[in-house]
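Please open the model in a viewer and keep the sequence panel visible. The tour below proceeds by selection, and each stop states what is to be found there.

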Amino acid sequence: YIHKSLLAGTNLNLLRNFSQHQLRLMNENAQTTAMMYATLLNTTISTLISNDEKVESGQEREHISKNPEFQGGLNFHGAMKSFWLGHYERCRYHCEKGITSSDVKQIKSVMMTFYNGISCFHSGKKYKSNRKLQSTVRNAIKVMRERREESPWNYGNKLNLLEAESYSFNGGRDEMAIISYT
């Protein structure tokens, strides 16, 4: 619930309160695996609220990173936090590490595809000369087009944003980019 609410744009302070409540309950019932993921969610939410990457403790991260089943989650949360904090190269690193073609149907992979695509535009001059970055953007646009049928509001807006950025970056007039986005 918390994970999907985070992706849907629910109020972060409410989510943090709910997340901390769930963590207390899990701690009382000694649910270690669930607690690790809830801790990861809680630190991501706290990072997004404070806009500071120093929120998470190294001990929590080390404990979670030792568990192989959490690698996808670590990459997803790393990409989200990096994008939010403006660390676009690091965001792309987490995305490329976390996306595999076999799990693009999962929402976290779709979101990492979006973050990866939109982060490419923050590479400035590198974007125009780097075929890999351009290919990443084209792939993100393709995935958002495919997913738009499932949720026109969510994926349609992401698609419009990617297309507008692409149009603007590739020499389109700003007015045309805005029309593409609306």
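Which exposed residues does the face of α2 turned away from its buried side carry? Leu-14 and Glu-28 are the exposed residues on that face. The model is a predicted one, and the tour returns to α2 after a view of the whole chain.

**The whole chain**

Display the protein as a cartoon. It contains 11 helices and zero strands, so that the order of elements from the N terminus reads α-α-α-α-α-α-α-α-α-α-α. Colour by accessibility next: of the 182 residues, 43% are buried. Among contacts with a separation of 6 or more, 54% join residues 24 or more positions apart.

**Helix α1 and Leu-6**

Select residues 2-8, which form helix α1, and locate Leu-6 within them. Leu-6 has a relative accessibility of 9% and therefore counts as buried, the cut-off being under 20%. Show its surroundings: leaving aside residues up to four places away in sequence, Leu-6 touches Leu-12, Leu-15, Leu-41, Thr-44, Ile-45, Leu-48 and Met-80. For one of these, Thr-44, the C-alpha atom is separated from that of Leu-6 by 9.6 Å, although the two residues are 38 residues apart along the chain.

**Helix α2**

Two of the residues touched by Leu-6, Leu-12 and Leu-15, lead to the next selection, residues 12-28, which make up helix α2. The end C-alpha atoms of its 17 residues are 24 Å apart, in agreement with the 24 Å that they should span at 1.5 Å a residue. Display the side chains of Leu-12, Leu-15, Ser-19, Leu-23 and Met-26, which are buried. Then turn the view to look down the axis of α2: its buried residues fall within an arc of 75°, so they line one face of the helix. A general rule helps in reading this view: an α-helix has 3.6 residues a turn, so residues three or four places apart point the same way. Rotate to the face turned away from the buried side to find Leu-14 and Glu-28, which are exposed. Just after α2, select Ala-30, where phi is positive at about 50°.

**Helix α5 and Lys-81**

Move to residues 71-85, helix α5, and select Lys-81. Is Lys-81 buried or exposed? Its relative accessibility is 9%, so Lys-81 counts as buried. Draw a C-alpha to C-alpha distance from Lys-81 to Ser-46: the two are 10.0 Å apart in space and 35 residues apart in sequence.

**Helix α7**

Select residues 107-120, helix α7. Its 14 residues reach 20 Å from the first C-alpha to the last, close to the 20 Å expected at 1.5 Å a residue. Because 12 of these 14 residues are buried, α7 is largely enclosed by the rest of the structure. The buried residues include Val-110, Met-111, Phe-114, Gly-117 and Ile-118.

**Where α7 meets α9**

Keep α7 on display and add residues 131-148, helix α9. Helix α9 has 18 residues and reaches 25 Å from end to end by C-alpha, close to the 26 Å expected. Its buried residues include Leu-133, Gln-134, Ile-141 and Arg-147. The axes of α7 and α9 come within 8 Å and cross at roughly 140°, which makes α7 oblique to α9. This crossing is left-handed. For the contact itself, show Val-110, Thr-113, Phe-114, Asn-116, Gly-117 and Cys-120 on α7, with Leu-133, Thr-136, Val-137, Asn-139, Ala-140, Val-143, Met-144 and Arg-147 on α9.

**Where α7 meets α10**

Now hide α9 and display helix α10, residues 152-169. The axes of α7 and α10 come within 10 Å and cross at roughly 20°; the two helices are therefore roughly parallel to each other, given that the category covers angles under 35 degrees. The crossing of α7 and α10 is left-handed. Ile-107, Val-110, Met-111, Phe-114, Gly-117 and Ile-118 of α7 meet Tyr-155, Lys-158, Leu-161, Leu-162 and Glu-165 of α10.

End on Leu-161 in α10. How exposed is Leu-161, and what is its relative accessible area? Leu-161 is partly exposed, at 27%. From Leu-161 to Phe-114, the C-alpha to C-alpha distance is 10.0 Å, with their positions 47 residues apart in sequence.

How values were computed:
Residues are numbered from 1 along each chain as its sequence is written. This is a predicted model: local features need pLDDT of at least 70, side-chain atom pairs count only at pLDDT 80 or more; totals for chains, interfaces and linings use all residues. Side-chain values use heavy atoms; hydrogens and water are left out. Helices (H or I, at least four residues) and strands (E, at least two) are DSSP runs, numbered from the N terminus. Buried means under 20% relative accessible area, exposed over 50%, partly exposed in between (1.4 Å probe, protein chains only). The expected span of a helix is 1.5 Å times one less than its number of residues. The arc is that of the directions from the helix axis to the C-beta atoms. Axes are lines fitted to C-alpha atoms, for helices over the stretch in contact, and angles run from 0 to 180 degrees between N-to-C directions. Angles under 35 degrees count as roughly parallel, over 145 as roughly antiparallel, 65 to 115 as roughly perpendicular and the rest as oblique. A crossing is left-handed if the near helix is turned anticlockwise from the far one by less than a right angle, and right-handed if clockwise. Contact means heavy atoms within 4.5 Å.
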